Amino acid sequence: MAERFERHRQPWTHDELEKLKVLAKKGMALKAISKAMTRSEESIKDRAKLDGIGIARLR
């Protein structure tokens, strides 16, 4: 069963955006960023794409 996040459809704060940029720059995978920020992978993917932030891909 997929993990459920309580923050469904919550707006992104400035602090969360900064944290996303830092974690992405460190090269963390999408799943790890998702757990660290308690947001869904889809939410993080969508926001990163919107802001032009590159997320590392697992190989």
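**Overview: a three-helix protein with a modest share of its residues buried.** Of the 59 residues in the protein, 27% are buried, where buried means under 20% relative accessible area, exposed means over 50%, and partly exposed sits in between (1.4 Å probe, protein chains only). Keep in mind that this is a predicted model: local features need pLDDT of at least 70, side-chain atom pairs count only at pLDDT 80 or more, and totals for chains, interfaces and linings use all residues. Residues are numbered from 1 along each chain as its sequence is written, and side-chain values use heavy atoms, with hydrogens and water left out. The secondary structure is three helices and zero strands, in the order α-α-α along the sequence; helices (H or I, at least four residues) and strands (E, at least two) are DSSP runs, numbered from the N terminus. Take the contacts between residues at least 6 apart in sequence, and 58% of them join residues at least 24 apart; a contact here is heavy atoms within 4.5 Å. Accessible surface adds up to about 4900 Å², with 51% of that belonging to carbon and sulfur atoms (Shrake-Rupley method, 1.4 Å probe; for residues, only the protein chains shown count as cover).

**View 1: the largest nonpolar core.** Eleven residues make up this core: Trp-12, Leu-17, Leu-20, Leu-23, Ala-24, Leu-30, Ile-33, Met-37, Ile-44, Ala-48 and Ile-53. The term covers buried Ala, Val, Leu, Ile, Met, Phe, Trp, Tyr and Cys residues joined through side-chain atoms within 4.5 Å. Each of α1 (14-25), α2 (30-37) and α3 (41-51) chips in at least two core residues, and α1 gives the largest share, with four. Zoom in on Ile-44: leaving out neighbours within four places in sequence, its contacts are Trp-12, Leu-20, Leu-30, Ile-33, Ser-34, Met-37, Arg-39 and Ile-55.

**View 2: α1 and its two sides.** This helix has twelve residues and runs 17 Å from first C-alpha to last, close to the 16 Å expected at 1.5 Å a residue (the expected span being 1.5 Å times one less than the number of residues). Its buried residues are Glu-16, Leu-17, Leu-20, Leu-23 and Ala-24. They sit on the same side of α1 because they cover an arc of only 130° around the axis, taken from the directions from the helix axis to the C-beta atoms. Both α2 and α3 are among what covers them. Flip to the other side of α1 and His-14, Asp-15 and Lys-25 are exposed. Just after the helix, Gly-27 takes a positive phi of about 90°.

**View 3: α2, seen the same way.** Here Leu-30, Ile-33, Ser-34 and Met-37 are buried. Their arc around the axis is only 105°, so they share the same side of α2. Their cover includes α1 and α3, while Lys-31 and Lys-35 are exposed on the other side. Just after α2, Thr-38 has a positive phi of about 50°.

**View 4: Arg-39 and Pro-11.** Arg-39 is in the loop between α2 and α3, yet it is buried, with a relative accessible area of 4%. A polar atom of the Arg-39 side chain lies 3.3 Å from the backbone oxygen of Gln-10. Pro-11, in the segment before α1, is exposed at 62% relative accessible area. Not counting residues up to four places away in sequence, Pro-11 touches Glu-16 and Arg-39.

Methods: Polar contact = N/O pair within 3.5 Å; in protein donor to acceptor, adjacent residues only side chain to side chain.
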